[in-house]
Amino acid sequence: MQQTFHPLSELFRQLGLPDDAASIEAFVQTHAPLPAGVALADAPWWTPAQARFLREAVCEDADWAGVVEQLDAALRRG
């Protein structure tokens with residue numbers, strides 16, 4: 001089975017967020033750093049639907065898991 005690669009812009013589009021490079025950078029700058037003890041999906045800024053999507057993407061090791069982990073890493077780096 002071939003796994004699909006999703007860029008960060010596509011994840012933001014899927015989450016209903018602005019998906020241009022400047023908006024993604026602004027999002028990361030606004031919300032980083034995400035504390036070590038907080039799972040990405042448990043961050044307070046997500047809607048319930050966004051949090052569910054992020055949680056399911058990682059738990060089910062879906063096609064989206066890689067890019068969700070990329071966003072998680074970006075938010076932890078600050």
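Contact is taken here to mean heavy atoms within 4.5 Å, and it is in this sense that the packing of the helices is described for the structure, which is a predicted model. On that basis, the elements that cover the buried residues of helix α4 include α1 (residues 8-14), α2 (residues 21-31) and α3 (residues 48-59). The buried residues in question are A65, V67, V68, L71, D72, A74 and L75. Helix α4 itself runs over residues 65-77, and its 13 residues reach 18 Å from the first C-alpha to the last, close to the 18 Å expected at 1.5 Å a residue.

Helix α3, one of the elements that cover α4, has 12 residues and reaches 16 Å between its first and last C-alpha, which is close to the 16 Å expected at 1.5 Å a residue. Its buried residues are Q50, A51, F53, L54 and A57. Because these residues cover an arc of only 160 degrees around the axis, they are placed on the same side of α3. An α-helix has 3.6 residues a turn, so residues three or four places apart point the same way. The buried residues of α3 pack against α1 and α4, whereas the face turned away from the buried side carries the exposed residues P48 and C59. Just after α3, D61 takes a positive phi of about 50 degrees.

Two residues outside these helices were also examined. H6, which is found in the segment before α1, has a relative accessibility of 10% and therefore counts as buried, the cut-off for that class being under 20% relative accessible area. The side chain of H6 is joined to that of E10 by a polar contact of 2.5 Å. When neighbours within four places in sequence are left aside, H6 is in contact with D63, W64 and V67, and V67 is one of the buried residues of α4.

A39, in turn, lies in the loop between α2 and α3. With a relative accessible area of 38%, A39 is partly exposed, since that class lies between the limits of 20% for buried and 50% for exposed residues. Not counting residues up to four places away in sequence, A39 touches L34 and R76. The C-alpha atoms of A39 and R55 are 8.9 Å apart in space, while the two residues are 16 residues apart in sequence.

Conventions. Residues are numbered from 1 along each chain as its sequence is written. This is a predicted model: local features need pLDDT of at least 70, side-chain atom pairs count only at pLDDT 80 or more; totals for chains, interfaces and linings use all residues. Side-chain values use heavy atoms; hydrogens and water are left out. Helices (H or I, at least four residues) and strands (E, at least two) are DSSP runs, numbered from the N terminus. The expected span of a helix is 1.5 Å times one less than its number of residues. Buried means under 20% relative accessible area, exposed over 50%, partly exposed in between (1.4 Å probe, protein chains only). A polar contact is a pair of N or O atoms within 3.5 Å; within protein, one must be able to donate a hydrogen and the other to accept it, and residues adjacent in sequence count only if both atoms are side-chain atoms. The arc is that of the directions from the helix axis to the C-beta atoms.
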